[in-house]
Amino acid sequence: MVNASGVVVCGRGLVGLSTAIYCRLAGYQVTVLDRVDPGSRRQASFGNAGTLAIYGNPPIPAPGLIWQVPGMLANKDSPLSLKMTPHLLRMTPWLLQLLRACPAEKNEASAAALGVLLNSAIDAYGIIWEKAGIRVGDDLLRHEGSLYLYSSPKTFAGSEREVRLRRESGIRVEELNKEQIKELEPNLAPVYHKGLFFPDAMNVTDPGRLTQRLDALFQELGGRVHYGHAAKLEPLQQGGVKVHLSEGSPIEGKRVVVACGAHSKTLSDSLGEHIPLDTERGYHIRFPGEPPIRRPVGWADIGFYMTPMDGGLRTAGTVELGGLDAPS
C-alpha cells in the first residue's frame with residue numbers, strides 16, 4: 001500500500017499536470033499517477049493539434065447534426081469515421097445522448113457554459129506557464145491567432161450561428177475576405193471564399209515538450225510521481241479514496257482527481273458515476289520542413305487543421321469512434 005496522504009492525480013498529461021501544479025501551489029501534497037512519461041507517443045498530449053482554441057465554445061452536438069452524419073460517413077474525405085465493430089453497439093447509449101444534446105436550447109446553454117471556461121483559460125494557464133519559464137513568443141508558445149477557411153458562400157453562411165454563439169460569450173471573431181486572408185497567409189492556395197480570424201488564440205509548437213516542462217515544474221515544487229495504471233477507485237469508510245492499479249500495490253489519497261482522458265470512464269464507473277463518455281481517437285500527420293504558414297489554419301468545411309510546429313507542419317482533425325482497445 002502506498003499512502004499518498006494528500007491528492008492523487010490520475011493522469012500525467014496537460015490536464016493532469018496543470019491540476020497537480022495548482023494543487024501544489026495551494027499547499028497540498030500531490031502524487032501524479034501514470035504508466036508513461038510526459039511526451040510519450042502514447043499520450044493524447046503528445047499528438048494533438050497544438051491549438052489553444054479559446055474560441056471553441058460551440059458544441060459538436062448542434063441542431064441539424066443528425067442529418068449531416070450520413071453524408072460525412074459516406075465521404076471518404078470526411079473527418080468522421082465509424083468502425084463496424086462490437087464497440088459500435090456498446091456506444092449506442094452514448095450516441096443517443098449526443099443526439100439529445102443537439103436541440104438549439106441545449107446547444108446554446110452548453111456554448112454559454114463553455115464560453116465561461118474558455119474565457120479564463122489563458123489567464124489560468126499563464127500562472128503556471130510563468131512559473132515554468134514559458135513566455136508567449138518564445139520557441140514553445142506563439143500568439144498569432146487562428147484562422148478558419150470556408151470554400152463557398154454556402155459553407156460560410158453556415159457558420160453564422162457559431163459566430164453568434166462565440167460573440168455572445170465575449171469571444172472575438174473577425175470576418176475576412178480573400179484579400180485579407182492572403183495578407184495573413186500568402187502561401188495558401190486561394191481556394192477559399194472567406195474566413196474567420198480569432199485574434200486571441202494561441203498555439204504550441206511542441207505539445208509533448210510543453211507537457212515535459214510542466215512535469216519538471218511539478219517535481220520542482222515537490223510533487224511526486226508514481227508509475228502505474230489506475231484500474232479502479234474505492235471510497236474508504238474512514239474517508240479518502242483507494243486507487244487500485246492494474247499491477248502493484250494500491251495508492252490511497254484524501255482526494256483523487258481523474259484526468260485520464262478517454263480512460264476516465266473506467267474509473268468513474270467504478271464509483272457508480274456513469275458519465276456519458278466515449279473515445280474520440282485522433283490522428284495527425286507531420287510534413288517535415290519549414291512550415292509554410294504562421295498560425296493554425298482550419299479548413300472548416302471538413303474539420304481539418306494545420307498547425308506550424310517544430311520541425312514541420314502538423315495536420316490533424318480526424319475523429320474515429322472506435323473505442324479504447326481498437327488497434328491504431
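**A tour of one pocket and two helix pairs**

Begin with the second largest pocket of this predicted model, which holds about 430 Å³ of space. To find its centre, select His87, Arg90, Lys265, Leu277 and Asp278, which are the closest to that point among the 22 residues that line the pocket. Next, colour α4 (86-90), α5 (92-100) and α12 (264-270), the elements that each give two or more residues to this lining. If you then colour the lining by class, you should find nine nonpolar, eight polar and five charged residues.

From the pocket, turn to a pair of helices, and select α1 (residues 14-25) together with α7 (residues 121-131), whose axes come within 11 Å and cross at roughly 75 degrees. At that angle α1 is therefore roughly perpendicular to α7. Show the side chains where the two helices meet: Ser18, Ile21, Tyr22 and Leu25 on the α1 side, and Ala124, Tyr125, Ile127, Ile128 and Lys131 on the α7 side. By class, this contact of α1 with α7 is made up of seven nonpolar residues, one polar residue and one charged residue.

For the last stop, select α6 (residues 104-119) and α9 (residues 160-168), where the axes come within 10 Å and the crossing angle is roughly 45 degrees. These two helices, α6 and α9, are therefore oblique to each other, and their crossing is right-handed. In α6, display Ala104, Asn107, Glu108 and Ala111, which meet Arg161, Arg164 and Leu165 of α9. The residues of this contact of α6 with α9 comprise three nonpolar, one polar and three charged.

Conventions. Residues are numbered from 1 along each chain as its sequence is written. This is a predicted model: local features need pLDDT of at least 70, side-chain atom pairs count only at pLDDT 80 or more; totals for chains, interfaces and linings use all residues. Side-chain values use heavy atoms; hydrogens and water are left out. Axes are lines fitted to C-alpha atoms, for helices over the stretch in contact, and angles run from 0 to 180 degrees between N-to-C directions. Helices (H or I, at least four residues) and strands (E, at least two) are DSSP runs, numbered from the N terminus. Angles under 35 degrees count as roughly parallel, over 145 as roughly antiparallel, 65 to 115 as roughly perpendicular and the rest as oblique. A crossing is left-handed if the near helix is turned anticlockwise from the far one by less than a right angle, and right-handed if clockwise. Contact means heavy atoms within 4.5 Å. Ala, Val, Leu, Ile, Met, Phe, Trp, Tyr, Cys and Pro count as nonpolar, Asp, Glu, Lys and Arg as charged, and the others, Gly among them, as polar. On a 1 Å grid over the protein atoms alone, a cavity is a set of points where a 1.4 Å probe fits but cannot get out, and a pocket is an open set with protein on both sides within 12 Å along at least five of seven lines; lining residues have an atom within 4 Å of a point. Grid points are joined across faces, edges and corners, and a volume is the space filled by probe spheres set on the points.
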